[in-house]
Amino acid sequence: MPIVLSRTVNKMLFPLVKAGRPIDQSVFISAFPWDSKRHCLVHIQDLTAVVERENILHAQARELAKARDEAQAANQAKSEFLANMSHEIRTPMNGVLGIAHLLQETSLNEKQHRFVQTIQNSGQLLLGIINSILDFSKIEAGKIELECIPFNLRTLLEDIFDVFALNAQEEGLNIAFRIFPGTPEKLVGDPARLRQILQNLLSNAVKFTNRGEIALTVQLLEMSADKASLIFSVRDTGIGISEEKAQNLFKAFTQADSSITRRFGGTGLGLAISKKLSILMGGDLQVSSIEGHGATFSATARFGVTGGKSDAEKPVTQSKFSLPEGAEKRILVVDDHELCREAIIDLLSEWKCRGESASNGLDAIQMLKDARLQRKPYHVVLMAKKLPDIHASQLGEMILKNSEFTDLKIVLLASVRFSGERFSEQFPGFTGYLTKPVRSTNLRECLATICSGNPYLPGETLRKTAAFQKKNISKKAWKILVVEDNVVNQEVMLGFLANSGMQARTAGLMADALALLKQEEFDLVLMDIQMPDMDGYEATRLIRNPSSGTRNPSIPIIAVTAHALQEYSDRAVQSGMNGYMAKPVDPKKLERIIRENLENLSGGNSRVMSASNDTEMGTVFNEQELLFRVSGNSKIFQKVIIAFLGALPPKITELHETWKAGDLHKLRRMIHTFRGMFANVAAPELSALFLAMEKATGKEGDSLNEPEIQKCLSLLPAACDAVVEKMKEVLEKHQTQGKNENTGC
């Protein structure tokens with residue numbers, strides 16, 4: 001006979017009591033035969049202690065859950081507070097910095113100009129503190145997401161040093177960088193965060209160095225098929241720091257000692273943020289220093305690596321140098337700063353030029369003479385302005401007066417720019433000059449220019465380029481709608497746009513903006529997200545709706561807002577906006593983003609025109625353009641593609657059904673919507689095809705060009721397949737990069 005087991009916890013089955021109350025019990029009952037009868041064996045166990053332990057564990061779990069929820073709520077409240085604080089501070093800061101910039105464009109005397117410059121510098125300093133607090137908060141909350149986009153390391157460093165060079169030179173410091181040979185320059189990662197780390201380190205180096213030099217070196221630590229670990233070392237000859245105090249350097253809101261803040265200023269957040277970012281990028285940040293003898297900060301990070309050569313790696317061809325065929329391009333670099341010499345020699349070596357160096361004027365003269373005797377003369381001398389034993393103007397005069405060096409071309413390495421007239425007066429006979437730190441593209445251009453018999457004056461070149469760009473912009477006379485409720489910010493934006501030669505109208509309410517977009521033709525909208533009557537996301541969705549009555553539902557819309565957190569940028573793009581700018585607005589960035597959006601749009605139209613004439617329609621899918629539209633955010637980029645791939649088949653089916661049903665009103669609306677959608681996802685061929693269809697359908701009351709519509713519809717399946725195939729290929733690449741984020745991206 002089988003044994004039946006039963007287990008229960010019950011106070012009433014066998015009402016036992018302990019200390020005057022029923023106890024929790026475990027009851028086991030088993031049946032068995034005995035003497036031809038059935039018997040039961042009952043086993044009762046006191047479970048009071050067990051149940052009490054379980055109750056305690058449940059109570060602890062509830063407390064932990066409550067604490068977790070409270071922590072999450074507090075974190076959310078902190079994030080919202082910081083976002084609101086950022087918004088409230090950035091809005092007036094936009095007015096202060098904007099008006100200061102516009103004032104600089106007016107006629108000011110020297111004293112007034114100095115006052116305005118002080119306003120701008122102080123405003124930028126305050127803005128830097130705000131950004132540091134926001135960054136630290138986002139890192140602590142785990143809300144920092146690193147980008148994975150291609151960038152050029154050398155270009156990034158050159159841009160950074162352009163900013164720091166002037167400040168360093170004003171302090172009498174030598175500043176230079178060197179990328180060691182063998183270090184990959186075409187990388188994949190987060191250039192903005194790398195820039196932030198290096199700017200923090202360089203800013204500290206300039207702040208704490210009274211004399212000497214600041215040097216940044218980049219070396220390869222480890223290399224695999226598609227990954228590279230790099231070390232960025234910033235070395236200075238400043239005040240240094242003791243080992244004991246160095247332990248506090250990477251703690252938030254902490255300085256090496258309490259007097260540092262009073263002497264040099266700062267929040268104590270820069271190094272803490274830089275260290276956390278380095279760790280997020282698969283590396284770390286360390287310091288080595290001896291008090292009174294400078295410091296070296298070393299940041300490591302991992303990046304993806306792409307193929308191809310940078311501009312700096314491309315050889316300078318024989319045709320760009322007016323030299324006899326087969327002649328060796330020999331260049332002498334004269335500079336007492338070792339890192340400057342080495343950096344230039346590295347570049348020359350990559351270009352297959354023979355570069356040699358001297359640290360003073362006497363050695364340079366001797367090397368020139370020896371090379372002439374050996375019948376291997378130098379063709380170019382790159383000469384620093386100040387040398388330990390002689391000034392460049394004197395050394396240049398000595399060389400030029402020597403009849404043996406009549407064919408030699410001399411280029412000055414200067415710390416400042418000159419006008420062409422002033423340069424010729426101070427350095428007669430010199431063929432041109434370069435500013436330090438030397439940019440690789442400028443060095444290439446300089447060598448090619450002077451060896452073709454022309455002088456190289458970068459100051460003049462820059463002025464001509466800027467004038468040409470401004471002239472071109474003013475010719476376009478684009479019409480911009482500024483949606484902004486703050487009167488001061490309206491004035492700032494109108495001033496920026498007027499200086500760029502653009503027309504502008506303002507709207508203080510979103511309802512007014514929507515009315516203007518129905519009544520007038522605009523080329524682009526600059527829209528504040530937080531408006532009194534309607535937010536920018538909802539307004540954008542209304543504008544994008546073909547039935548809203550706006551003249552151009554696909555008009556480029558750029559969010560211009562005091563919100564600086566990434567989530568606002570993401571929401572802007574997801575709502576249908578084309579870009580995002582945080583206040584305070586940088587007029588150069590504003591001009592660039594307007595130009596890029598409108599020139600891309602006009603480029604799309606030119607491709608459309610060729611499409612209607614049966615010529616090649618251009619690119620199937622422009623990955624870089626879509627990345628630009630989503631501010632380089634790979635995750636949003638992937639979401640856009642996935643959403644598009646899911647929506648495309650039913651939309652195309654609906655289009656064919658609408659054509660067959662003869663519903664022309666709906667057909668026109670759908671075609672117009674599709675054209676804007678394909679332009680927004682950077683699929684120019686499809687956008688071109690739908691523009692041709694839009695022309696063929698005409699406006700309400702126009703006759704249809706049925707053969708053209710039928711022709712476009714017949715081309716549609718192949719065009720869609722090509723876009724889908726390309727998008728899937730790009731999507732897979734980004735998804736693979738995303739999986740590798742923890743190992744270097």
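**Close-up views of a predicted model**

**View A. Packing of helix 4 against helix 7.** In this predicted model, helix 4 (residues 191-207) packs with helix 7 (residues 270-280) at an angle of about 145°, and their axes are 9 Å apart. The crossing of helix 4 past helix 7 is left-handed. From helix 4, the contact draws on Arg193, Gln196, Ile197, Asn200, Leu201 and Asn204. Helix 7 contributes Gly270, Leu271, Ile273, Ser274, Leu277 and Ser278. Sorted by class, the contact of helix 4 with helix 7 comprises five nonpolar, six polar and one charged residues. Two packed helices are described by the angle between their axes together with the distance between those axes.

**View B. Strand 9 with its partners, strand 7 and strand 10.** Strand 7 (174-179) runs parallel to strand 9 (residues 213-223), and six bridges join the two. Within this pairing, Phe177 stands opposite Leu216 of strand 9. Strand 9 also pairs with strand 10 (residues 227-236), here in the antiparallel sense and over nine bridges. Leu216 has Val234 of strand 10 opposite it. Strand 9 and strand 10 make up a hairpin, with three residues between them. Strands of a sheet pair through backbone hydrogen bonds, in either a parallel or an antiparallel manner.

**View C. The second largest cavity and its lining.** The model holds six cavities of 30 Å³ or more, and the second largest has a volume of about 150 Å³. Its lining consists of 14 residues. Nearest the centre of this cavity lie Phe177, Ala343, Ile344, Pro437 and Val438. Helix 3 (153-170), strand 7 (174-179) and helix 8 (338-350) are the elements that each give two or more residues to the lining. Helix 8 gives the most, with four residues. By class, the lining of the second largest cavity has nine nonpolar residues, one polar residue and four charged residues. Phe177 thus appears in two views: Phe177 lies opposite Leu216 of strand 9, and Phe177 is among the lining residues nearest the centre of this cavity.

**View D. Backbone features at Pro437 and Lys352.** The peptide bond that joins Lys436 and Pro437 is cis, with omega of about -10°. Pro437 is found in the loop between strand 17 and helix 12 (440-450). Pro437 is also one of the residues nearest the centre of the second largest cavity. Lys352 is not a glycine, yet its phi is positive, at about 65°. Lys352 belongs to the loop between helix 8 and strand 14.

**View E. The open sheet of strands 14-13-15-16-17.** Five strands make up this open sheet in the order 14-13-15-16-17, and their pairing is parallel. Strand 14 (354-358) and strand 17 (432-435) stand at the edges; each has a single partner strand, so one side of each is left without a neighbour in the sheet. From one strand to the next, the twist averages 25°. Within the sheet, strand 15 (residues 380-384) pairs with strand 16 (residues 409-414) in the parallel sense over five bridges. Leu382 has Val411 of strand 16 as its bridge partner. In a regular strand, side chains alternate between the two faces of the sheet.

**View F. The open sheet of strands 19-18-20-21-22 and helix 16.** This open sheet has five strands in the order 19-18-20-21-22, paired in parallel. Its edge strands, strand 19 (503-507) and strand 22 (579-582), each pair on one side only. The twist from one strand to the next averages 20°. Strand 18 (residues 479-483) and strand 20 (residues 524-527) pair in the parallel sense over four bridges. The bridge partner of Ile480 in strand 20 is Leu524. Helix 16 (residues 536-544) lies across strand 20 and strand 21 (557-561), and runs at about 160° to strand 20.

Key. Residues are numbered from 1 along each chain as its sequence is written. This is a predicted model: local features need pLDDT of at least 70, side-chain atom pairs count only at pLDDT 80 or more; totals for chains, interfaces and linings use all residues. Side-chain values use heavy atoms; hydrogens and water are left out. Two strands pair if DSSP finds at least two bridges between them. Axes are lines fitted to C-alpha atoms, for helices over the stretch in contact, and angles run from 0 to 180 degrees between N-to-C directions. On a 1 Å grid over the protein atoms alone, a cavity is a set of points where a 1.4 Å probe fits but cannot get out, and a pocket is an open set with protein on both sides within 12 Å along at least five of seven lines; lining residues have an atom within 4 Å of a point. Grid points are joined across faces, edges and corners, and a volume is the space filled by probe spheres set on the points. Ala, Val, Leu, Ile, Met, Phe, Trp, Tyr, Cys and Pro count as nonpolar, Asp, Glu, Lys and Arg as charged, and the others, Gly among them, as polar. A crossing is left-handed if the near helix is turned anticlockwise from the far one by less than a right angle, and right-handed if clockwise. Contact means heavy atoms within 4.5 Å.
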